[in-house]
Amino acid sequence: MSRYKYVTYDGSDQILKEVRYLIKTFVPAEHTFTVLQKIDDLETTIDETLAGRADMVDEQNDER
C-alpha cells in the first residue's frame, strides 16, 4: 500500500474561476487587485503541492 496518496482536485480550475468572478463582482474595486493576487498566489501553492505529491507517488512506485 502506498504511503502517499495521489490527490487530484477535479474541477478546481472552475471553482477558482468562479471565486475570481465573485471577487470581481462583490469586492470593492479598490481591493479587487489585492484579493485576486492572493488567490493567484494560493493557486500557485496548490499547483506546486499537487505536483510534489505526484512526484512522491511516482518515486515510490519506481522503488517497487
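Here's a quick tour of this small set of helices and the contacts between them, based on a predicted model. The protein chain has two helices and zero strands. Of its 64 residues, 16% are buried. The accessible surface of the chain comes to about 5,400 Å², and 56% of that belongs to carbon and sulfur atoms.

**Helix α1 and its two sides**

- Start with α1, which has 15 residues and reaches 21 Å from its first C-alpha to its last, close to the 21 Å expected at 1.5 Å a residue.
- Three residues to look for in α1 are Leu 16, Arg 20 and Ile 23, and they're buried. They sit on the same side of α1, because they cover an arc of only 60 degrees around the axis.
- Here's the background: an α-helix has 3.6 residues a turn, so residues three or four places apart point the same way.
- Now flip to the face turned away from that buried side: there you'll find the exposed residues Ile 15, Lys 17, Tyr 21 and Phe 26.

**A nonpolar patch on the surface**

- Tyr 21, Leu 22 and Phe 26 make a nonpolar surface patch of about 390 Å².
- Is Phe 26 buried or exposed? Its relative accessible area is 64%, and anything over 50% counts as exposed, so Phe 26 is exposed.
- Phe 26 belongs to helix α1, which covers residues 12-26.

**Salt bridges between the helices**

- How many salt bridges are there? The count comes to two.
- In one of them, the side chains of Arg 20 and Asp 40 meet at 2.8 Å, N to O. This pair links distant parts of the chain, with Arg 20 in helix α1 and Asp 40 in helix α2, 20 residues apart.
- Arg 20 also meets Glu 43 in a salt bridge, side chain to side chain, at 2.6 Å, N to O. Glu 43 lies in α2 and Arg 20 in α1, so this pair ties together parts that are 23 residues apart in sequence.
- Put those together and you get one network: salt bridges that share partners join Arg 20, Asp 40 and Glu 43.
- As for cover, Arg 20 counts as buried because its relative accessibility is 17%, under the 20% cut-off. Asp 40, at 30% relative accessibility, counts as partly exposed.

**Thr 32 in helix α2**

- Thr 32 has its place in helix α2, which covers residues 29-63.
- With a relative accessible area of 13%, Thr 32 is buried.
- Leaving out residues up to four places away in sequence, Thr 32 touches Ile 23, Lys 24 and Val 27. Ile 23 is one of the buried residues of α1 you met above.

Notes: Residues numbered from 1 in each chain as written. Predicted model: local features only at pLDDT ≥ 70, side-chain atom pairs only at ≥ 80, totals over all residues. Heavy atoms only, no water. Patch = residues over 30% accessible without salt bridge, like charges linked within 9 Å, V, L, I, M, F, W, Y side chains within 5 Å. Areas by Shrake-Rupley, 256 points an atom, 1.4 Å probe, with all protein chains shown as cover. Salt bridge = Lys/Arg side-chain N within 4 Å of Asp/Glu carboxyl O. Helix = DSSP H or I, 4+ residues; strand = E, 2+ residues; numbered from the N terminus. Buried < 20%, exposed > 50% of the residue type's maximum accessible area, 1.4 Å probe, protein only. Expected span 1.5 Å × (residues − 1). Arc of directions from axis to C-beta. Contact = heavy atoms within 4.5 Å.
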